Amino acid sequence: MRSAQNIGETSASGGQRPRVMPDVTRALAEEVLSGKYAPGTALPTENELGTAYGVSRTVIREAIKVLAAKGLVVTRPRVGTVVSDPDNWSLLDPQVISWHGPGLFDANLLGAVLETRRVLEPLAASLAAERATLREIADLDGAWQLMKEASEDVEKFSAADVEFHRILYRASHNPVLRQISSLIDAALTYSFETSNKTVFNRDDAVRCHHAVVEALRMRDVDGAGAAASKLIEQAAHDIDLAGRKAKDSKGED
């Protein structure tokens with residue numbers, strides 16, 4: 001749990017700093033998402049949490065309200081605040097995704113994202129091979145070029161990776177796929193950042209993305225779907241590697 005020194009600091013005038021409540025909310029969310037508090041178990045009392053974080057009960061109460069609105073916890077009479085079943089969590093909420101942070105490996109969420117991509121992306125790529133405009137293909141090629149140029153910079157590489165897939169879904173010219181891609185955008189970003197930061201050499205990922213671009217350029221419907229599938233399996237390999245590294249890191253702790 002984060003210390004009171006980190007979260008419960010006060011300003012020179014004696015008032016709480018503006019970011020105290022968001023920081024406490026994030027800290028509580030991270031502990032729920034990391035499994036420190038298992039589904040069905042009660043959180044410590046407001047007094048206990050306030051003491052641990054060095055903040056007032058009011059701050060704790062407001063933080064818990066935010067978590068409850070996202071489905072992470074529920075408050076029950078005579079029981080207190082209980083961690084909800086993960087099926088009730090708003091996993092695609094951008095704020096919930098951001099609470100995972102760069103250091104939290106969520107195998108269930110990452111696995112679900114991969115399953116979703118296996119269904120949607122080959123279809124989006126095949127449709128894009130038929131329907132993408134020359135401008136969209138050029139934009140997709142531009143995103144791939146940025147990935148290639150930024151292969152040594154994880155942050156820039158991941159940003160270009162996210163943009164590549166946004167363009168691909170748009171290029172399908174299927175309004176449902178486009179809206180679904182917007183819905184899962186934050187989850188895709190988390191997935192790409194997790195897989196991209198794991199590997200030292202991103203040449204395979206660059207080649208897989210280039211194959212999608214070339215299939216669209218050739219209007220190769222079957223080839224585009226196959227290239228998208230191969231791209232996803234490359235990501236699955238990298239996420240599996242990230243999972244093993246996360247386990248090793250826990251073992252060392």
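**Exercise 1. A residue of α11**

Is E214 buried, partly exposed or exposed? Work it out from its relative accessible area, then place the residue in the fold.

*Solution.* Keep in mind that this is a predicted model. Start with the location: E214 belongs to helix α11. Next, take its relative accessible area, which is 29%. Buried means under 20% and exposed means over 50%, with partly exposed in between. E214 is therefore partly exposed, given its 29%. Finally, look across the fold: I137 is 77 residues away from E214 in sequence, yet their C-alpha atoms are 9.1 Å apart.

**Exercise 2. The overall layout**

Describe the order of helices and strands along the chain, and then how the chain is packed.

*Solution.* Begin by counting elements: there are twelve helices and two strands. Along the sequence they follow the pattern α-α-α-α-β-β-α-α-α-α-α-α-α-α. Now turn to burial, where 44% of the 253 residues are buried. For the surface, the accessible area is about 13,100 Å², and carbon and sulfur atoms hold 52% of that. Last, consider contacts with a separation of 6 or more: 74% of them join residues 24 or more positions apart.

**Exercise 3. The hairpin and two positive phi angles**

Find how β1 and β2 are joined, then examine R78 and H173.

*Solution.* First, the strands: β1 (residues 73–76) and β2 (residues 80–83) run antiparallel and are joined by four bridges. One pairing to locate is T75, whose bridge partner in β2 is T81. Three residues lie between the strands of this hairpin.

Second, the turn: R78 sits in the loop between β1 and β2 and has a positive phi near 65°. Most residues other than glycine have a negative phi. With a relative accessible area of 86%, R78 is exposed.

Third, a companion case: H173 also has a positive phi, near 55°, in a residue other than glycine. H173 lies in the loop between α8 (154–171) and α9 (175–183). At 34% relative accessible area, H173 is partly exposed.

**Exercise 4. Helix α10**

How many of the twelve residues of α10 are buried? Check the span of the helix as well.

*Solution.* Take the span first: α10 covers residues 185–196 and reaches 16 Å from first to last C-alpha, close to the 16 Å expected at 1.5 Å a residue. Then go through burial residue by residue. Eleven of the twelve are buried, so that α10 is mostly covered. Among the buried ones are F192, S195 and N196, three names to carry into the next exercise.

**Exercise 5. The cavity and Q234**

Which helices each supply at least two residues of the lining of the largest cavity? Use the answer to place Q234.

*Solution.* To begin, the structure holds one cavity of 30 Å³ or more. The space in the largest cavity is about 80 Å³. The helices asked for are α10, α11 (203–217) and α12 (221–252). Of these, α12 gives the largest share, four residues. The lining includes F192, S195 and N196, along with R117, D161, A205, C208 and Q234.

Now focus on Q234, found in helix α12. Its relative accessible area is 18%, which makes Q234 buried. Beyond neighbours within four places in sequence, Q234 is in contact with D204, A205 and C208. Across the chain, Q234 and S195 are 39 residues apart, with their C-alpha atoms separated by 9.3 Å. To close the loop, Q234, S195, A205 and C208 each appear in the lining of the largest cavity.

Conventions:
Residues are numbered from 1 along each chain as its sequence is written. This is a predicted model: local features need pLDDT of at least 70, side-chain atom pairs count only at pLDDT 80 or more; totals for chains, interfaces and linings use all residues. Side-chain values use heavy atoms; hydrogens and water are left out. Two strands pair if DSSP finds at least two bridges between them. Buried means under 20% relative accessible area, exposed over 50%, partly exposed in between (1.4 Å probe, protein chains only). Contact means heavy atoms within 4.5 Å. Accessible areas come from the Shrake-Rupley method with a 1.4 Å probe; for residues, only the protein chains shown count as cover. The expected span of a helix is 1.5 Å times one less than its number of residues. On a 1 Å grid over the protein atoms alone, a cavity is a set of points where a 1.4 Å probe fits but cannot get out, and a pocket is an open set with protein on both sides within 12 Å along at least five of seven lines; lining residues have an atom within 4 Å of a point. Grid points are joined across faces, edges and corners, and a volume is the space filled by probe spheres set on the points.
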